[in-house]
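Here are some exercises to work through with the model open beside you. Try each task yourself before reading the solution.

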Amino acid sequence: MRLSQMFIPTRKEDPAEAEVVSHKLLIRGAYMRMIARGIYTFMPLGWRSVRKIEEIVRQEMDRAGAQEVLMPGVQPSELWKESGRWEQYGPELLRFKDRKGSDFCLGPTHEEVITDLVRGEVTSYKQLPINLYQIQSKFRDEVRPRFGLMRGREFIMKDAYSFDLDAEGALKSYEIMFEAYHRICERLGFEFRAVEADTGNIGGSRSHEFQVLAETGEDEIVSCPSCGYTANVEKAEIRVEAGTVDYSESKELVVVQTPGQRTIEEVSKFLKKKPHQFIKTLIYSADSKLVAILVRGDHEANELKVKAFLKSKFGEISELRMAHDFEVEAATGAPVGYAGPVGLKIPVFADFALSTLKDGISGANQEDAHHLFVNVGRDYTPTEFVDLRQARGGDLCGRCGSTFDAHRGIEVGHVFYLGTKYSAAMNATVLDEEGNQRPMEMGCYGIGITRMLAAIIEQNHDDNGIIWPMAVAPYHVIVQPLQVQDEEVVKVADEIYAGLKAHGVEVLLDDRDLRPGNKFKDADLIGIPIRVTVGGRGVKEGIVEVKGRREESAQNIPIADVVAHVHAQVQDALSR
């Protein structure tokens, strides 16, 4: 394609709303434009790269035995009411009425639609297993869309759904897709981790996120370099080494006045103490039952762990929330900010890290007051010690005891073992070998196609622009004649352009009448992997320059050899 004929309106300045590199470069490089917050139009370069990511995903889905379908984006409320998610999903589900007053939504995911499809056609175990997938636009009405494609409202997603007779078969399907996701991430050149994760709104009992490592990632993950265990910080299991504390020289419990000091940060500055010396007392309401959750002052309570533990103690919990101010005051006798474990009459559950804290500091359950020299066993006794905090780098791995490394990640894929969550609710059953009706075991598997586009850039860029891996670059090569009025230069550039096209190389010809510096800047900005520069002096010497986008310097290649040389480079990169 000739650049003079293409729609590539690049920009020099970063867009004001862009916070991360991928968002800035996708706008500046003319890959996309915003039409509304979190909603984008893909331009010619951007759409070419999106389609290449789709094709890699499609190849691996087909290789894994999945079959492609296309489901509607608009979904009737009846299906969501069958599964119970119409009320549960929350404001991210964009609901609307048609002209007859019937309720519909724009699909953020398709568990209900695919379950309805399969239950209408599959009646016997002999028709299983089945894995169906689609690549389609989704819509989630994010409260705070940001970071461009990394958290948009409308996005392109690949979602697949497996159906099996029993749990054993479903877990085999899960492993097949897990391996397919590994291959996809490897083909896209990602540095990534497969991370144990919570199932969230989708539900189910097992899930892994595929996290692309990047400093701009929204997700925090920890990984063990010894055993390979990796999980997001909400899910990660922490090992606590047993220890003993000598309380023989501890001072007596005292109350100190801390007027107006409520938070750990405020009180630690006021008392000139470190946050790790504090006992953070959080009052939660679990279906209106108040409990106290204690964590060390420098730690964060993990609500997923808290909810799972309380469920094991009290049974199913529909709502876990921080207690309202009046509930905190009723439970502690003091305003919010002064809660402590001493003398509490509600159940108290403490994180393991507090079992060895000596002479701690906590709220005194009195306004403007805190306790000093708080010791477990003497001043308070938790109902139970439990793993209740969020993991972080430096913690001990719950599997082998080595030290966790911390990373930030961009979630580009998620695989779930759903079990019968949807099939049981929607009566999607088959006859088994004994002639009994049983709900099908399901899995679901999502990949954010457009989020992958952004993640690739987050891992592949420099100060000058994007550095595309060959497999997803919109074009493989850009040929740049530097003097477009020089007939000999133009002739050589045209011959190289035509020769590369004849070899199946996707090539751009920058035939614009611009200064060489402007051409080079645009080529670096849009990130084409290989640049072929044709200049008047080089043509006279019978050579052209070939430079890889990642390389510091160019090679001088004889004009007669350049097509074969560049074609070989492209093929080598695509075969990795």
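**Exercise 1. Find the residue of β33 that is the bridge partner of V544, then work out how the strands of the sheet are ordered.**

Step 1. Go to V544 and look across to β33: the bridge partner there is I557. Before going further, note that this is a predicted model, where local features need pLDDT of at least 70, side-chain atom pairs count only at pLDDT 80 or more, and totals for chains, interfaces and linings use all residues. Residues are numbered from 1 along each chain as its sequence is written, and side-chain values use heavy atoms, with hydrogens and water left out.

Step 2. Now take the two strands as a pair. β32 (residues 543–548) and β33 run antiparallel and share four bridges. Strands are DSSP runs of E with at least two residues, helices are runs of H or I with at least four, and both are numbered from the N terminus. Two strands pair if DSSP finds at least two bridges between them.

Step 3. Widen the view to the open sheet of five strands, and you get the order β30-β29-β31-β32-β33, with mixed pairing. At the edges are β30 (507–509) and β33 (555–558), each with a single partner strand, so one side of each has no neighbour in the sheet. On average, neighbouring strands here are turned by 25° against each other, direction ignored. For such angles, axes are lines fitted to C-alpha atoms (for helices over the stretch in contact), and angles run from 0 to 180 degrees between N-to-C directions.

Step 4. Add the helices. Helix α12 (residues 487–502) lies across β29 (477–481), β30, β31 (530–534) and β32, at about 160° to β30. Helix α13 (residues 516–526) lies across β29, β30 and β31, and it runs at about 175° to β29.

**Exercise 2. How many residues of strand β26 are buried, and which strands does β26 pair with?**

Step 1. Count along β26 (residues 441–448): eight of the eight residues are buried, so the strand is largely enclosed by the rest of the structure. Buried means under 20% relative accessible area, exposed means over 50%, and partly exposed is in between (1.4 Å probe, protein chains only).

Step 2. Sort the residues by direction. E441, G443, Y445 and I447 point one way, M442, C444, G446 and G448 point the other way, and all are buried. That fits a general pattern: in a regular strand the side chains alternate between the two faces of the sheet.

Step 3. Look for partners. β8 joins β26 through eight bridges, running antiparallel, and K158 stands opposite I447. β23 (residues 405–419) is also antiparallel to β26, with six bridges, and here Y417 stands opposite G443.

**Exercise 3. Describe how α11 packs with α2 and with α1.**

Step 1. Start with α2 (residues 44–63) and α11 (residues 449–459): their axes are 9 Å apart, and the angle is about 110°. That makes α2 roughly perpendicular to α11 (the range for this is 65 to 115 degrees; under 35 is roughly parallel, over 145 roughly antiparallel, and the rest oblique).

Step 2. List who meets whom, where contact means heavy atoms within 4.5 Å. From α2 come S49, V50, I53, E54 and V57, and from α11 come I449, T450, M452, L453 and I456.

Step 3. Turn to α1 (residues 21–28), whose axis comes within 8 Å of the α11 axis and crosses it at roughly 105°. So α1 is roughly perpendicular to α11 too. The residues involved are V21, S22, L25 and L26 in α1, with L453, A454, I457 and E458 in α11.

**Exercise 4. Is F147 buried or exposed, and what about S288?**

Step 1. Place them. F147 is in the loop between β7 and β8 (154–164), while S288 is in the loop between β15 (279–286) and β16 (289–296).

Step 2. Check the backbone. Most residues other than glycine have a negative phi, and most peptide bonds are trans. F147, however, has a positive phi near 60°, and S288 has one of about 75°.

Step 3. Check accessibility. F147 is buried, with a relative accessible area of 12%, whereas S288 is exposed at 61% relative accessibility.
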